[in-house]
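Me: I am new to this structure and should like to understand the reasons behind the terms used to describe it. May I put some questions to you?

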Amino acid sequence: QDREVCRQLGVRSNLSIPLSVGGGPLMGVLGFNTTRAERDWQDSIVKRLQLVAQIFTNALARERSERELVKNEQRLLLITNALPVLIAYVDTNQRYRFNNEAYRAWFGVSPEEAFGRHIREVAGEEFYQSVRPHIERALAGEQVRCALDVETAAGQPLSVEAIYVPDTGEQGDVRGFYVMVI
């Protein structure tokens, strides 16, 4: 069927280069056609076109990976927002880099509003002072689990369990910490 289509289009010569990364599954084929005359595809030209095909394949693979990453991030966000607990990631400057929707109910701040803000700004001075020693321990590389009595933005008292897990790099340096408050 492909030959018939090529004949109808007047294709005289064809060079097809498979698109795959590292011998993985075939992503497609990059085809080069001539319609004026038959062509002898010289090795030097084929090598250059294979390089073009590899660049194209790498771009396709990267785009697919990025789409999959976005899908996974959306799933993770859906899960973390469905849980009735505070979940966050805080950097070494004690600024939120991620937090779930529960922050809106507890502190009256959406995840977007909390992003980049200091813990003190989001949770209030009193709450911050009550958790500060635990945060400092987490930033020193220690996993911390503690019980706290706190108030929500609406003034509702809560007894909670907080877990702070340091995020360490390959060299053992602390890059921030994960927070879960139940």
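**Terms and their grounds**

Reply: The protein chain has 6 helices and 7 strands. Along the sequence they follow the pattern α-β-β-α-β-β-α-α-α-α-β-β-β. The model is a predicted one.

Me: How do you know how the radius of gyration of the protein chain stands against that of a compact globule?

Reply: A compact globule of 182 residues would have a radius of gyration near 16 Å, but the protein chain has 28 Å. The C-alpha trace spans about 80 × 35 × 25 Å along its principal axes. Of the 182 residues, 33% count as buried. The exposed area is about 12,000 Å², and carbon and sulfur atoms supply 52% of it.

Me: Why is helix H1 called hardly covered?

Reply: Helix H1 comprises residues 2-9, and the count of buried residues among its 8 residues is 0. A residue is buried under 20% relative accessible area, so none of the 8 residues of H1 falls under that limit. Glycine 10 follows H1 and has a positive phi, near 80°.

Me: What makes glutamine 94 buried or exposed?

Reply: The relative accessible area of glutamine 94 is 11%. The limit for a buried residue is under 20%, and therefore glutamine 94 is buried. Glutamine 94 lies in the loop between strand E3 (86-91) and strand E4 (96-99). Its phi is near 65°, a positive value in a residue other than glycine.

Me: Why is the aromatic pair of tyrosine 103 and phenylalanine 107 called tilted?

Reply: A search of the whole structure finds 6 aromatic pairs. In the pair of tyrosine 103 and phenylalanine 107, the distance is 5.6 Å centre to centre, with 40° between the planes. Ring centres must lie within 6.5 Å, so 5.6 Å qualifies as a pair. Stacked planes are under 30 degrees apart and edge-to-face planes over 60; 40° fits neither, and therefore the pair is tilted.

Me: Where do tyrosine 103 and phenylalanine 107 lie, and which ring cluster includes them?

Reply: Both residues lie in helix H3 (residues 102-107), 4 residues apart, about one turn of the helix. Tyrosine 103 is buried, as is phenylalanine 107. Ring pairs link Tyr96, Tyr103, Trp106, Phe107 and Phe127 into a cluster.

Me: How do you know that the charged end of arginine 39 sits over the ring of tryptophan 41?

Reply: The charged end of arginine 39 is 4.9 Å from the centre of the ring of tryptophan 41. The limit is within 6 Å of the ring centre and within 35 degrees of the ring normal; 4.9 Å therefore meets the distance limit. Arginine 97 likewise lies over the face of phenylalanine 115, at 5.2 Å from the ring centre.

Me: Why are strands E5 and E6 said to pair?

Reply: Strand E5 (residues 144-151) and strand E6 (residues 157-168) are joined by 8 bridges and run antiparallel. Pairing requires at least two bridges, so 8 bridges satisfy the rule. Cysteine 146 has alanine 162 in E6 as its bridge partner.

Me: What makes E6 and strand E7 a pair, and how many residues lie between them in the hairpin?

Reply: E6 and strand E7 (residues 174-181) pair in the antiparallel sense over 7 bridges. The requirement is at least two bridges, and 7 bridges therefore meet it. Valine 179 in E7 is the bridge partner of tyrosine 164. E6 and E7 form a hairpin with 5 residues between them, and glycine 172 in the turn has a positive phi of about 90°.

Notes
Residues are numbered from 1 along each chain as its sequence is written. This is a predicted model: local features need pLDDT of at least 70, side-chain atom pairs count only at pLDDT 80 or more; totals for chains, interfaces and linings use all residues. Side-chain values use heavy atoms; hydrogens and water are left out. Buried means under 20% relative accessible area, exposed over 50%, partly exposed in between (1.4 Å probe, protein chains only). The radius of gyration is taken over C-alpha atoms; the globule rule is 2.2 Å times the number of residues to the power 0.38. Accessible areas come from the Shrake-Rupley method with a 1.4 Å probe; for residues, only the protein chains shown count as cover.
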